[in-house]
Amino acid sequence: SLEDIYKKHRIDIYKYLYYQTTNPHVSEELCQEVFLKAFKALSSYEGRSSIKTWLYSIAHNVYVSWYRKDIKIENIPLERNIISSLVAIDGNPEDIVESKENSEEVIKILYKLKEEYRTVLILCELNELSYEEIANTLNWSLSKVKITIYRARIQFKTFFEKEGGLL
């Protein structure tokens with residue numbers, strides 16, 4: 001049912017939008033828009049991907065539309081608890097950024113990345129989507145997802161090392 005879909009996926013979609021916008025009010029508004037669009041289009045859902053992937057795809061499109069027409073992120077408000085871990089350069093997401101200072105640095109660096117790099121890291125590392133789910137969400141090939149995540153991790157590591165951080 002629609003209510004079950006909403007209850008099951010609302011928090012994940014909200015988190016994705018929050019990591020993209022860093023604004024809880026905007027994220028809530030965009031999240032509502034995602035589910036409104038999804039519920040209107042549910043009858044046309046073809047089942048080529050999971051409901052989860054389909055919702056992430058809608059969320060990504062809603063975010064991109066909002067980003068292009070309304071606001072360019074310039075001043076990112078930092079919240080100490082937004083990210084407790086991010087990307088391990090060697091591919092081990094278990095590596096955790098321990099200190100609050102490092103968490104703030106991670107957030108700053110995340111928002112220095114190109115938008116597509118930030119997006120794939122958020123989807124992969126924070127929302128824990130598989131490469132296939134990311135490919136379906138962004139309407140990319142699997143190889144493009146893998147390459148983009150690889151490049152995003154390298155750029156993240158480079159920026160992090162320039163800031164004096166240690167991973």
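**Group meeting: N61, helix α3 and its surroundings**

Okay, let's start with one residue: N61 is partly exposed, because its relative accessible area is 46%, which sits between the 20% and 50% cut-offs. Bear in mind that this is a predicted model.

So where is N61? You'll find N61 in helix α3, which covers residues 51-69. Now look across to T137. Along the chain, N61 and T137 are 76 residues apart, yet 9.1 Å is what separates their C-alpha atoms.

Let's stay with α3 and look at its partner, α1. Helix α1 takes in residues 2-21, and its axis comes within 10 Å of the α3 axis, with the two crossing at roughly 35°. That crossing is right-handed. Who's touching whom? On the α1 side, the contact uses I5, H9, D12, I13, Y16, L17, Q20 and T21. On the α3 side we have I51, K52, L55, Y56, A59, H60, Y63 and W66. Sort the contact residues by class and you get ten nonpolar, four polar and two charged.

Next up, the largest pocket, and α3 shows up here too. The space in this pocket is about 240 Å³. Which element gives the most to the lining of the largest pocket? That's α3, with three residues. If you want to click through the lining, go to A41, S44, Y45, E46, G47, R48, S49, T53, W54, S57 and N136. By class, the lining has six polar, three nonpolar and two charged residues.

To recap α3: N61 is located there, α1 crosses it at roughly 35°, and three of its residues help line the largest pocket.

Terms used. Residues numbered from 1 in each chain as written. Predicted model: local features only at pLDDT ≥ 70, side-chain atom pairs only at ≥ 80, totals over all residues. Heavy atoms only, no water. Helix = DSSP H or I, 4+ residues; strand = E, 2+ residues; numbered from the N terminus. Buried < 20%, exposed > 50% of the residue type's maximum accessible area, 1.4 Å probe, protein only. 1 Å grid on protein atoms, 1.4 Å probe; cavity = no way out; pocket = protein on both sides within 12 Å on 5 of 7 lines; lining within 4 Å. Points joined across faces, edges and corners; volume = space filled by probe spheres on them. Nonpolar A, V, L, I, M, F, W, Y, C, P; charged D, E, K, R; others polar. Axes fitted to C-alpha atoms, helices over the stretch in contact; angles between N-to-C directions. Left-handed = near helix turned anticlockwise from the far one by under 90°. Contact = heavy atoms within 4.5 Å.
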